[in-house]
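Me: I am a first-year student, and I would like to go through a protein model with you by asking questions. Could you show it to me before we begin?

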Amino acid sequence: MDFTVLTIFPEMFDAFWAHGIIRRALNQGQVTASTVNIRDYAEGRHKMTDDRPYGGGCGMVMKPEPLAAAIEAVRSNSPQALTVLLTPQGRPFDQGLAEELSRENSLIFVCGRYEGVDDRICDNHVDLEISIGDYVLTGGEVAAMAVIDAVTRLLPGVLGNEDSAWQDSFSRDLLEHGHYTRPPEFNGEKVPEVLLSGNHSAIAKWRLEYSLVKTLLKRSDLLKERPLEQSELDILHKWQKEIESIIRSKS
Ligand code: 9D3
């Protein structure tokens, strides 16, 4: 996978490329990455990348010429690349979109700043617009990092353990069970005993039960969307009966 990021703040990505899984993927050659300064494609003594909006209003708009020149320069080197604009009005980013993007060979990310980019860029130079959620950022850079991070961990060989990236369809769309490591007792709290038992089928059963209950309590919207297997329905029934018996005993 080749990532190219177009931004007026390329230094923001220096630390991003230099740490963790991304750095290892770069070192192992599963990923190549470069950052392009949009200002390098701006004309004039001041190399301006923004200008005042037609029709008035506060804030500035990213000028189309430097962006178009930067995108065209990058595309001429990788004509098959998918060009992605990070924008609040884009398609909501989720794991499904991360999986789609991970199947591309080459991705170009265009990071807007100010109030946004000239709309003629969105229409003619961009294949896909992405938003990372309904909250207001100051630019596309942090959003591009989120997308690159989520895509990189899905690339073949990047996580070593293949199934830690592509979970099977049954554990997907549930919150994860709790995680514990040593010591066995911390601040008076013990690690759940079943995890120390070495009984792998009991551990798998416990993990599924706590995934389901945690999802029910914290993200019931996920359970409503998702089909449930018989073993999962059995667990929810067990909890339903427990709750009903408590209610009956108090009324
Ligand atoms: C006042 C209207 N604003 C639209 C909600 C203007 C505006 C706010 C923030 C225009 C651009 C931005 C900068 N944000 C991004 O570039 C951005 C973003 C975001 O703000 N939220 C979620 N995903 C993304 S992707 C890029």
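Me: Which strands each supply at least two residues of the shell around the ligand?
Reply: This is a predicted model, in which local features need pLDDT of at least 70 and side-chain atom pairs count only at pLDDT 80 or more, while totals for chains, interfaces and linings use all residues. Residues are numbered from 1 along each chain as its sequence is written, and side-chain values use heavy atoms, with hydrogens and water left out. Helices (H or I, at least four residues) and strands (E, at least two) are DSSP runs numbered from the N terminus, and the largest share of the shell, three residues, comes from S5. The strands that each supply at least two residues are S5 (82-92) and S7 (128-131).

Me: How many residues of the shell around the ligand are nonpolar, polar and charged?
Reply: Ala, Val, Leu, Ile, Met, Phe, Trp, Tyr, Cys and Pro count as nonpolar, Asp, Glu, Lys and Arg as charged, and the others, Gly among them, as polar. There are 16 residues around the ligand, where a residue is near if one of its heavy atoms lies within 4 Å. By class, the shell has nine nonpolar, six polar and one charged residues.

Me: Which residue has a polar backbone atom 2.8 Å from an oxygen atom of the ligand?
Reply: A polar side-chain atom of Ser131 lies 3.5 Å from a nitrogen atom of the ligand, and a polar backbone atom of Gly140 is 3.3 Å from an oxygen atom of the ligand. The distance of 2.8 Å, from an oxygen atom of the ligand to a polar backbone atom, belongs to Leu137.

Me: What is the side-chain partner of Thr7 in a polar contact of 2.6 Å?
Reply: Thr7 is found in strand S1 (residues 2-7), and Thr7 counts as buried because its relative accessible area is 0%, where buried means under 20%, exposed over 50% and partly exposed in between (1.4 Å probe, protein chains only). A polar contact is a pair of N or O atoms within 3.5 Å; within protein, one must be able to donate a hydrogen and the other to accept it, and residues adjacent in sequence count only if both atoms are side-chain atoms. The side chain that makes this contact of 2.6 Å with the side chain of Thr7 is that of Glu141.

Me: Is Thr49 buried or exposed?
Reply: Thr49 is found in the loop between strand S2 (32-37) and strand S3 (50-51), and a polar contact of 3.4 Å joins its side chain to that of Tyr114. The relative accessible area of Thr49 is 2%, so Thr49 is buried.

Me: What is the phi of Lys47?
Reply: Lys47 has its place in the loop between S2 and S3, and at 35% relative accessibility Lys47 counts as partly exposed. Most residues other than glycine have a negative phi. Lys47 is not a glycine, yet its phi is positive, at about 50°.

Me: Which residue is joined to Arg182 by a cis peptide bond?
Reply: Most peptide bonds are trans. Here a cis bond, with omega of about 5°, joins Arg182 to its partner, which is found in the loop between helix H6 (141-152) and strand S8 (185-186). That partner is Pro183.
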